[in-house]
Amino acid sequence: MLKVGDVITFERTFTVRDVELFTEISGDEGIHHRTPDEQGRLVIQGLLTATLPTKIGGVYNVLARTMNFEFLRPVFTGDTIICEVKIEKYERQENSRTAIVASFSCKNQNEKEVLKGTFSGVIL
């Protein structure tokens with residue numbers, strides 16, 4: 001069971017296929033998502049990067065109510081992003097659900113922060 005102060009960490013390396021699939025699903029077809037840079041990399045869609053902190057929702061059955069994202073720098077194919085989610089609030093409510101508030105920080109393999117924010121919701 002989660003408690004205030006817990007930190008959950010996970011990572012993901014983004015691929016060209018991830019960008020292609022997300023482009024197809026989202027319709028976010030910016031040229032920077034389809035044309036490689038001078039190093040052969042594509043820029044990952046911001047909302048694809050933002051799927052990292054939402055992983056906790058799938059693992060712990062969180063129904064999100066609010067999500068706040070601050071995109072700090074681009075993420076590229078081949079980047080490994082490490083996401084740390086910290087539980088800020090976790091308390092039982094009268095309706096037999098549990099309220100949750102968390103903050104998160106995502107850093108690339110060079111320890112540069114690429115995304116940060118917060119989310120809140122309830123545990124189903």
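Q: How many aromatic pairs does a search of the whole structure find?
A: This is a predicted model, in which local features need pLDDT of at least 70, side-chain atom pairs count only at pLDDT 80 or more, and totals for chains, interfaces and linings use all residues. Residues are numbered from 1 along each chain as its sequence is written, and side-chain values use heavy atoms, with hydrogens and water left out. Rings of Phe, Tyr and Trp (its six-membered ring) pair if their centres lie within 6.5 Å; planes under 30 degrees apart count as stacked, over 60 as edge-to-face and the rest as tilted. Under this rule the search finds two aromatic pairs.

Q: Which class of aromatic pair do F69 and F104 form?
A: The ring centres of F69 and F104 are 5.8 Å apart, with 50° between the planes. Because F69 lies in strand β2 and F104 in strand β4, the pair ties together parts that are 35 residues apart in sequence; strands (E, at least two residues) and helices (H or I, at least four) are DSSP runs, numbered from the N terminus. The pair of F69 and F104 is tilted.

Q: Is F104 buried or exposed?
A: Buried means under 20% relative accessible area, exposed over 50%, and partly exposed in between (1.4 Å probe, protein chains only). F69 has a relative accessible area of 28% and is partly exposed. F104 has a relative accessible area of 5%, so F104 is buried.

Q: Why is C106 not bonded to C83?
A: A disulfide is a pair of cysteine sulfur atoms within 2.5 Å. C83 and C106 are each buried, C83 at 0% relative accessibility and C106 at 0% relative accessibility. The sulfur of C106 is too far from the closest cysteine sulfur, in C83, for a bond, because the distance is 3.2 Å.

Q: Which strands stand at the edges of the sheet?
A: Two strands pair if DSSP finds at least two bridges between them. Five strands form an open sheet with antiparallel pairing, in the order β1-β3-β4-β5-β2. Each edge strand has a single partner strand, so one side of each is left without a neighbour in the sheet; these strands are β1 (7-13) and β2 (62-71).

Q: Which element gives the most to the largest nonpolar core?
A: A nonpolar core is a set of buried Ala, Val, Leu, Ile, Met, Phe, Trp, Tyr and Cys residues joined through side-chain atoms within 4.5 Å. The largest has 27 residues, and V85, I87 and C106 have the most contacts inside it. With five residues, the element that gives the most to this core is β3.
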